[in-house]
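Biologist: Before I accept any label attached to this model, I would like to hear what each one rests on. Please take me through the assignments and the reasoning behind them.

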Amino acid sequence: WCGHCKKLEPIYNELAKTLKDEPNVVIAKMDATANDSPQAKYQAKGYPTILFAPANNKQNPIKFEGEREVAAMVNWLRQKKTVEWVNAGGDAAKPKTKRAKKGGRHDEL
């Protein structure tokens, strides 16, 4: 892994922890050097590449080009989301809910 990817990994892991109780958001990682992309629009052109797949338009991912900090990523996701968040994006004051059913509509980053 390149230095930029190594630097991003703990931030991305923290983002996943922040949104872990949000059933309408999936935070996923994929090593593009070891896996084929599902379609051309998901191809990495540099590393790390962060793509957002809206629940209503997964065929057209949106590239994240903002500040690589948890708060900036959460705020960007709030702006781009296409499905309402149940827990307000990691707000600890909100009640916890069960994960979305497999195959249900959700946004992905």
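Biologist: Which residues does Ile-62 touch, not counting residues up to four places away in sequence?

Modeller: This is a predicted model. In it, Ile-62 touches Ile-50, Leu-51, Phe-52, Pro-54, Trp-76 and Lys-80 once residues up to four places away in sequence are left out. Ile-62 itself belongs to strand E3.

Biologist: What makes Ile-62 partly exposed?

Modeller: Its relative accessibility is 31%. Buried would require a value under 20% and exposed one over 50%, so a residue in between is partly exposed. As for its distance to Lys-41, which is 21 residues away along the chain, the C-alpha atoms are separated by 9.2 Å.

Biologist: How do you know which class Gln-59 falls in, buried, exposed or partly exposed?

Modeller: By the same cut-offs: its relative accessible area is 47%, and exposed begins over 50%. Gln-59 is therefore partly exposed. It is found in the loop between E2 and E3.

Biologist: What does Gln-59 touch, not counting residues up to four places away in sequence?

Modeller: Gln-39 and Lys-41. Gln-59 and Gln-39 are 20 residues apart in sequence, with 8.3 Å between their C-alpha atoms.

Biologist: Now the cysteines. How many disulfides does a search of the whole structure find?

Modeller: Zero. The closest cysteine sulfur to that of Cys-2 is in Cys-5, at 3.2 Å. A disulfide needs the two sulfur atoms within 2.5 Å, so 3.2 Å is too far for a bond. Seen from the other side, Cys-5 is in no disulfide either, with the sulfur of Cys-2 as its nearest cysteine sulfur.

Biologist: Why is Cys-5 called buried, and what is Cys-2 called?

Modeller: Cys-5 has 12% relative accessibility, so it counts as buried, the limit being under 20%. Cys-2, at 29% relative accessibility, counts as partly exposed.

Biologist: Which residues of H1 are buried, and what covers them?

Modeller: Cys-5, Leu-8, Ile-11, Tyr-12 and Leu-15 are buried in H1. Helix H2, residues 70-80, is included in what covers the buried residues of H1.

Biologist: What span does H1 have, and what is expected of it?

Modeller: H1 covers residues 3-18, which is 16 residues. From its first C-alpha to its last it reaches 24 Å, close to the 22 Å expected at 1.5 Å a residue.

Biologist: Where does H1 bend?

Modeller: At Glu-9, by about 35°. A proline, Pro-10, follows within four residues.

Biologist: Why is the pair of Phe-52 and Trp-76 called edge-to-face?

Modeller: The structure holds two aromatic pairs, and this is one of them. Phe-52 and Trp-76 are 5.7 Å apart centre to centre, with 80° between the planes. Rings pair if their centres lie within 6.5 Å, and planes over 60 degrees apart count as edge-to-face, so both conditions are met. Phe-52 lies in strand E2 (residues 51-52) and Trp-76 in helix H2, so the pair ties together parts that are 24 residues apart in sequence.

Biologist: What makes Phe-64 and Trp-76 an edge-to-face pair?

Modeller: Their ring centres are 5.0 Å apart and their planes lie at 75°, so this pair is edge-to-face too. Phe-64 sits in the loop between strand E3 (62-63) and H2, and Trp-76 in helix H2, so the parts tied together are twelve residues apart in sequence. Phe-52 and Trp-76 are both buried, and so is Phe-64. Phe-52, Phe-64 and Trp-76 form one aromatic cluster.

Biologist: What lies over the face of Trp-85?

Modeller: Lys-81, at 5.5 Å from the ring centre. The distance cut-off is within 6 Å, and 5.5 Å satisfies it.

Biologist: Where is the cis peptide bond, and what is its omega?

Modeller: It joins Tyr-47 and Pro-48, with omega at about -5°. Pro-48 is placed in the loop between strand E1 (25-26) and E2.

Biologist: Finally, what pattern does the protein follow along the sequence?

Modeller: The pattern is α-β-β-β-α-β, made of two helices and four strands. Of the 109 residues, 29% count as buried. Among contacts with a separation of 6 or more, 62% join residues 24 or more positions apart.

Terms used
Residues are numbered from 1 along each chain as its sequence is written. This is a predicted model: local features need pLDDT of at least 70, side-chain atom pairs count only at pLDDT 80 or more; totals for chains, interfaces and linings use all residues. Side-chain values use heavy atoms; hydrogens and water are left out. Buried means under 20% relative accessible area, exposed over 50%, partly exposed in between (1.4 Å probe, protein chains only). The expected span of a helix is 1.5 Å times one less than its number of residues. The bend at a residue is the angle between axes fitted to the seven residues ending there and the seven starting there. Contact means heavy atoms within 4.5 Å. Rings of Phe, Tyr and Trp (its six-membered ring) pair if their centres lie within 6.5 Å; planes under 30 degrees apart count as stacked, over 60 as edge-to-face and the rest as tilted. A charge sits over a ring if NZ of Lys or CZ of Arg is within 6 Å of the ring centre and within 35 degrees of the ring normal.
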